[in-house]
Amino acid sequence: MADAPNTTPPTDALFSDALPVLPLRGGVILPGTVRTLPVGRRKSMALVRALGNPRERPEVIIAVQRDPQVNDPTFADMHPIATVAQVLDVRRGRNGVQMVALSGQRRVVLTTLTSTVPYWTAEVEPIMEPSGESVKARMMAEALAEGLSELVEGENPLAAALAAWRTDPSPSRLADRLASALDLTFSQRVHALLTLDVVDRLERITDLAGEILTTKEVRQKIDAAVRERLGQRQREAVLREQMAAIRKELGDDDAPDKLRARFEGRELPEEIRTVVDRELSRLSTAGNSPEANVIRNYLELIAEIGRAHV
C-alpha cells in the first residue's frame with residue numbers, strides 16, 4: 001500500500017486535516033481528465049470562496065451523488081469511490097455563475113464526512129488499483145489504443161485521449177480518459193469510476209467503444225444516404241422550376257397544368273391512365289416545339305372522348 005504522505009493534500013493547512021468535498025449531481029471527473037463545472041449550491045459556493053487564489057493548486061474531493069435530486073447530500077448519498085482533483089482555475093462565467101476548472105488526480109475511498117458546514121469536508125483513504133501495471137493490463141491498453149487510432153480522425157476528445165496515452169502510457173489513465181472522451185451515459189461513467197480493477201475497466205471500455213463507434217458508423221451512413229436523397233430532390237425541384245420559367249418565357253407555361261387538371265379525378269382504364277401520365281410528362285419538357293402541339297392535341301382528344309363516356 002502506498003505511504004500515507006502520498007495521499008495527504010498539499011493544502012491541508014488551508015483545509016485542516018480533511019479535504020473539502022464538491023458533490024456532483026450528474027457528472028463524473030475521472031483521474032487524468034480535466035473538466036470545467038458550474039457551481040451553484042450554497043455550500044459549493046462557500047467552498048469556492050474558501051479556495052481563494054487557485055494558483056497554489058489546492059485539492060478537493062469530487063464525489064458523485066447517488067441521487068441528483070438531493071440538494072444537501074449526506075455521506076450515505078455519495079458513492080464510496082471519489083476522485084481527488086486539483087483546482088486549476090476559478091472564474092465567473094455567464095449570468096454570474098462560478099466556473100471551476102478541475103484536473104482529476106487519483107481515486108480515493110470516502111471514509112467519513114467530517115463537516116457539512118459551511119461546506120462538506122471528508123476524510124479519505126488511498127486506493128491501490130488491482131492489476132494497474134500488470135502485463136495483461138499493458139497489453140490490453142496497447143491493443144485498445146492501437147485499434148482506436150485507426151478509427152479516429154481529426155481533432156476530438158477521443159483523439160486527445162489517445163495522444164495523452166502516448167506521453168502517459170498508464171493503462172489505468174487510458175481507461176479513464178477514454179471513459180471521459182467516449183459518448184457514455186452518466187451511469188456508464190459512474191461504473192468506470194467504481195471499477196477499481198484496471199483490466200476489468202479496460203475490458204468494459206473496449207466493449208463500449210466498439211458499440212459506440214459501430215453505432216456512429218451506421219448513423220453516418222444513414223445521414224449520408226439522407227443527404228444524398230435530399231440533394232436529389234432539391235435538384236429535381238430546381239429543374240422543375242427552370243422548366244416552368246422556360247415555359248413562361250415561351251408563353252406556354254400553363255398548358256400542361258391545365259391538361260393535367262382535366263384528368264384529375266377521372267376514372268380511366270389503367271392502360272389509358274399510363275398513356276396520359278407519360279404524355280403529360282413529355283409535354284412538360286417539350287416546350288413550344290411542334291412535338292408539343294401534337295402531344296397537346298392528342299391529350300385533348302383523350303380528354304374529350306373520356307368525358308363523352310362519363
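This is a short walk through a predicted model, one selection at a time.

**Stop 1: helix H2.** Start by selecting residues 42-51, which make up helix H2. How many of its ten residues are buried? Seven of them are, so the helix is mostly covered, given that buried means under 20% relative accessible area. To see which ones, colour Lys43, Ser44, Met45, Ala46, Leu47, Val48 and Leu51. Lys43 is worth a click, as a lysine on the buried list. Then step on to Gly52, which follows H2 and has a positive phi, near 65°. As background, most residues other than glycine have a negative phi.

**Stop 2: the loop at Pro118.** Next, pick Val117 and Pro118 and look at the bond joining them. Is that peptide bond cis or trans? It is cis, with omega near 0°. Most peptide bonds are trans. For orientation, Pro118 lies in a loop, with strand E5 (98-115) on one side and strand E6 (121-126) on the other.

**Stop 3: helix H5.** Now select residues 171-181 for helix H5, another mostly covered helix: eight of its eleven residues are buried. Pro171 and Ser172 are on the buried list, and so are Leu174, Ala175, Asp176, Arg177, Leu178 and Ala179. Show the side chains of Asp176 and Arg177 while you're here; both are among the buried residues of H5.

**Stop 4: helix H7.** Move along to residues 198-249, helix H7, and begin with Asp200. Asp200 counts as partly exposed because its relative accessible area is 42%, between the 20% and 50% cut-offs. Add Glu203, Asp207 and Glu211 to the selection: together with Asp200 they form a patch of negative charge on the surface.

Go one residue further to Arg201, also in H7. Is Arg201 buried or exposed? Arg201 counts as buried because its relative accessibility is 1%, under the 20% limit. Bring up Glu129 as well, since its side chain makes a polar contact of 3.3 Å with the side chain of Arg201.

**Stop 5: Gly210 and Leu148.** Stay in H7 for the last selection, Gly210. At 34% relative accessibility, Gly210 falls between 20% and 50%, so it counts as partly exposed. Which residue should you pair with Gly210 for a distance check? Try Leu148: the two are 62 residues apart along the chain, and their C-alpha atoms are separated by 9.1 Å.

Key. Residues are numbered from 1 along each chain as its sequence is written. This is a predicted model: local features need pLDDT of at least 70, side-chain atom pairs count only at pLDDT 80 or more; totals for chains, interfaces and linings use all residues. Side-chain values use heavy atoms; hydrogens and water are left out. Patches are made of residues with over 30% relative accessible area and no salt bridge: like charges are joined within 9 Å, nonpolar side chains (Val, Leu, Ile, Met, Phe, Trp, Tyr) within 5 Å. Accessible areas come from the Shrake-Rupley method with a 1.4 Å probe; for residues, only the protein chains shown count as cover. A salt bridge is a side-chain nitrogen of Lys or Arg within 4 Å of a carboxyl oxygen of Asp or Glu. Lys and Arg count as positive and Asp and Glu as negative; His and the chain ends are not counted. The place of a charge is taken as NZ of Lys, CZ of Arg, CG of Asp or CD of Glu. Helices (H or I, at least four residues) and strands (E, at least two) are DSSP runs, numbered from the N terminus. Buried means under 20% relative accessible area, exposed over 50%, partly exposed in between (1.4 Å probe, protein chains only). A polar contact is a pair of N or O atoms within 3.5 Å; within protein, one must be able to donate a hydrogen and the other to accept it, and residues adjacent in sequence count only if both atoms are side-chain atoms.
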